[in-house]
Amino acid sequence: MLEITADKIAHVIVRAREYDSGVNAWAHSGHRTGQGVRAELQEFIAGLNDDEQASLTAVMWVGRDSFDASDLDEAIATAKSEKTSPTENYLMGEPRLADYLEAGMEALGISPGDEVDDLHRPV
C-alpha cells in the first residue's frame, strides 16, 4: 500500500521538472527567498517521513520498470531495507525523476495530471 499522498508525489514531479529545466515558476512569489529549486526539492524530500520516502522511491522504481505495479509492497520494503544514502540525494541523482514518478503513478492507477494541475492553480 502506498504510504504517500498523490499530491506530495505531484509536488516532487513539478519541482523536479523545474529543476531539470532551470525554470522556477515561483521564484518571485516570496516563498523560500534565496533558495533554488534544488534546495527546496531536497528539503521537501528530506522532510518526508521514512514511510513516505520509501513509497516515493518505490513509485519511481515502478515507473522505471525496476518493479511491476503489482509488486509495490515489495518495492516499498526493498526501499526501506536497502536505503544506504539519504533519499533526497538518491532521487535527485536520477536524471528522469519526474518522468519515472509520473509513469509510476500511472502504472499504479493514480492520475498525476489532476494532482499536478492542482499545484499550478493560484491560491
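**Exercise 1. Which residues have the most contacts inside the largest nonpolar core, and how many residues does this core have?**

Solution. The model is predicted.
- Step 1: Count the core. It has 29 residues.
- Step 2: Pick out those with the most contacts inside it. They are Ile9, Val12, Leu56, Met60, Leu97 and Leu101.
- Step 3: Assign helices. At least two core residues come from each of α1 (6-21), α2 (37-47), α3 (50-63), α4 (72-81), α5 (87-92) and α6.
- Step 4: Find the top contributor. With seven residues, α3 gives the most to this core.
- Step 5: Set this against a general trend. Nonpolar side chains tend to be buried together in soluble globular proteins.

**Exercise 2. List what Met60 touches, leaving out residues up to four places away in sequence.**

Solution.
- Step 1: Start with Tyr90, Leu91 and Glu94, which are among the residues touched by Met60.
- Step 2: Add Leu97, Tyr100 and Leu101 to complete the list for Met60.

**Exercise 3. Place Asp99 and classify its exposure.**

Solution.
- Step 1: Locate Asp99. It lies in helix α6 (residues 97-107).
- Step 2: Classify it. Asp99 has 31% relative accessibility, so it counts as partly exposed. The class runs between the cut-offs of 20% and 50%.
- Step 3: Find a side-chain partner. Asp99 and Arg17 are joined by a polar contact of 2.8 Å.
- Step 4: Check the backbone. The C-alpha atoms of Asp99 and Ala16 are 9.1 Å apart, yet 83 residues separate the two along the chain.

**Exercise 4. Where does pLDDT stay under 50?**

Solution.
- Step 1: Take the overall scores. Mean pLDDT is 85, and 78% of the residues reach at least 70.
- Step 2: Find the weak stretch. Residues 25-34 stay under 50.
- Step 3: Count its contacts beyond four places in sequence. The model has eight for residues 25-34.
- Step 4: Apply caution. Predicted coordinates should not be read in detail where pLDDT is low.

Methods:
Residues numbered from 1 in each chain as written. Predicted model: local features only at pLDDT ≥ 70, side-chain atom pairs only at ≥ 80, totals over all residues. Heavy atoms only, no water. Helix = DSSP H or I, 4+ residues; strand = E, 2+ residues; numbered from the N terminus. Buried < 20%, exposed > 50% of the residue type's maximum accessible area, 1.4 Å probe, protein only. Polar contact = N/O pair within 3.5 Å; in protein donor to acceptor, adjacent residues only side chain to side chain. pLDDT = per-residue confidence, 0-100. Contact = heavy atoms within 4.5 Å. Core = buried A, V, L, I, M, F, W, Y, C linked by side-chain atoms within 4.5 Å.
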